[in-house]
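Good morning. Please have the structure open while I talk. I will cover the ligand and then one helix.

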Amino acid sequence: MARMQPAIKETPTILLLGKNGQVGWELQRSLAPLGNVIALGRNGKDGLCGDISDLDGLRRTIEQINPAMLVNAAAYTAVDKAQSEPQLAATLNHHAPALMAERMKAHGGCLVHYSTDYVFDGSGDTPWQETSPTGPLNVYGATKLAGEQAIQASGCAHLIFRTSWVYASRGNNFAKTMLRLAKERETLNVINDQIGTPTGAELIADVTAHALRQWQHQPAAAGTYHLAASGETSWYDYARYVFDWAKRGGLPLAIQSVTPVPSEDYPVPAIRPKNSRLDCRKLERTFNLQLPDWKQGVERMLQETNKEAS
Ligand code: NDP
């Protein structure tokens, strides 16, 4: 009797855009077990276009690779600069994701995209749900919202993760800046009327891989999700947490007093929402996850940074 040949499943190709960003960098690691990852930065490689402002190049690259999963970690993320560059911000955050969605709809496959708490107007003090009314306060938020809506309207399979206050071990972030300032200065003013949740790029990348794995078996899991660590804080309490951590570890700090101040004391081109709380229960339920407290990830990042510095 002829032996049955086991079905050989083709390794899916995953196109990752924005590989050098905070989230993109971590995705290179977390997506690797899911398939053959082609990771592109802004400069592309091997004739492939990684610049998402070049819509023709982007279209050609997607056609050429024909990925089963397209993960877009590239974006225009300079929130204040977006106020004076609305067209470029719209190209990157709206038109490029719209094109990605159109191509993924045409060929099948899943588009993963990231969005932001800045799609909300920051009113109230309860966490925003996925279905809460949006109302961006600045150009960045408006372009990110337009990108989400284009993906949703395209009818392509998608996972959109709205996240907030992203940090990574690599590069600069709020906690590292506070630590540096606390070594140099005796007094600091920190905003205390914006409330949100610091969320590690590592966590976002791990959850993305987990969700994609589940989507492969359960396509109905596609949709829009809030993804942030659990708990909440203000920038002021976040800074205090960092200083307390440093003091516990015996790091020499010059800081003597930290003063909580309202956002109005720091005028910037783009208005920020005051309430950035995201209700992540839909994500936890759908993907059977428990999101960790924000302090866990921040503490690990600080420990790594401190180890590298010593
Ligand atoms: P980063 O700013 O760290 O990374 C963005 C990446 O986009 C960078 O690698 C940048 O490239 C790349 N990029 C910029 N312009 C282009 C272009 N024309 N073509 C290709 N790539 C380009 O952002 P994060 O990793 O923090 O953000 C990931 C996602 O999460 C984004 O969608 C963002 O909107 C969202 N988000 C981020 C938050 C945050 O606090 N950072 C909060 C909420 C949501 P290069 O390295 O060359 O500059």
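Which side chain has an N or O atom 2.7 Å from an oxygen atom of the ligand? That side chain belongs to Lys144. Keep in mind that this is a predicted model.

The protein covers 80% of the 900 Å² of accessible area that the ligand has on its own. Three elements each give two or more residues to the shell around the ligand: α1 (22-31), β4 (110-116) and α4 (139-154). Of the elements, β4 gives the most, with 3 residues.

There are two further polar contacts to look at. In Arg42, an N or O atom of the side chain is 2.9 Å from an oxygen atom of the ligand. At Ile52 the partner is a polar backbone atom, 2.9 Å from a nitrogen atom of the ligand. Of the 23 residues around the ligand, those that come nearest are Gln22, Asp51, Thr77, Tyr140 and Lys144. By type, the shell has 10 nonpolar, 10 polar and 3 charged residues.

Now the helix, α2, residues 55-65. Its buried residues are Gly57, Leu58, Thr61, Ile62 and Ile65. Why are they on the same side of α2? Because they cover an arc of only 135° around the axis. As background, an α-helix has 3.6 residues a turn, so residues three or four places apart point the same way.

What covers these buried residues? The cover includes β1 (13-17), β2 (36-40), β3 (69-72) and α3 (86-107). On the face of α2 turned away from its buried side sit the exposed residues Asp56, Arg60 and Gln64. After α2 comes Asn66, with a positive phi near 45°.

Technical notes
Residues are numbered from 1 along each chain as its sequence is written. This is a predicted model: local features need pLDDT of at least 70, side-chain atom pairs count only at pLDDT 80 or more; totals for chains, interfaces and linings use all residues. Side-chain values use heavy atoms; hydrogens and water are left out. A residue is near a molecule or strand if one of its heavy atoms lies within 4 Å of it. A polar contact is a pair of N or O atoms within 3.5 Å; within protein, one must be able to donate a hydrogen and the other to accept it, and residues adjacent in sequence count only if both atoms are side-chain atoms. Accessible areas come from the Shrake-Rupley method with a 1.4 Å probe; for residues, only the protein chains shown count as cover. Helices (H or I, at least four residues) and strands (E, at least two) are DSSP runs, numbered from the N terminus. Ala, Val, Leu, Ile, Met, Phe, Trp, Tyr, Cys and Pro count as nonpolar, Asp, Glu, Lys and Arg as charged, and the others, Gly among them, as polar. Buried means under 20% relative accessible area, exposed over 50%, partly exposed in between (1.4 Å probe, protein chains only). The arc is that of the directions from the helix axis to the C-beta atoms. Contact means heavy atoms within 4.5 Å.
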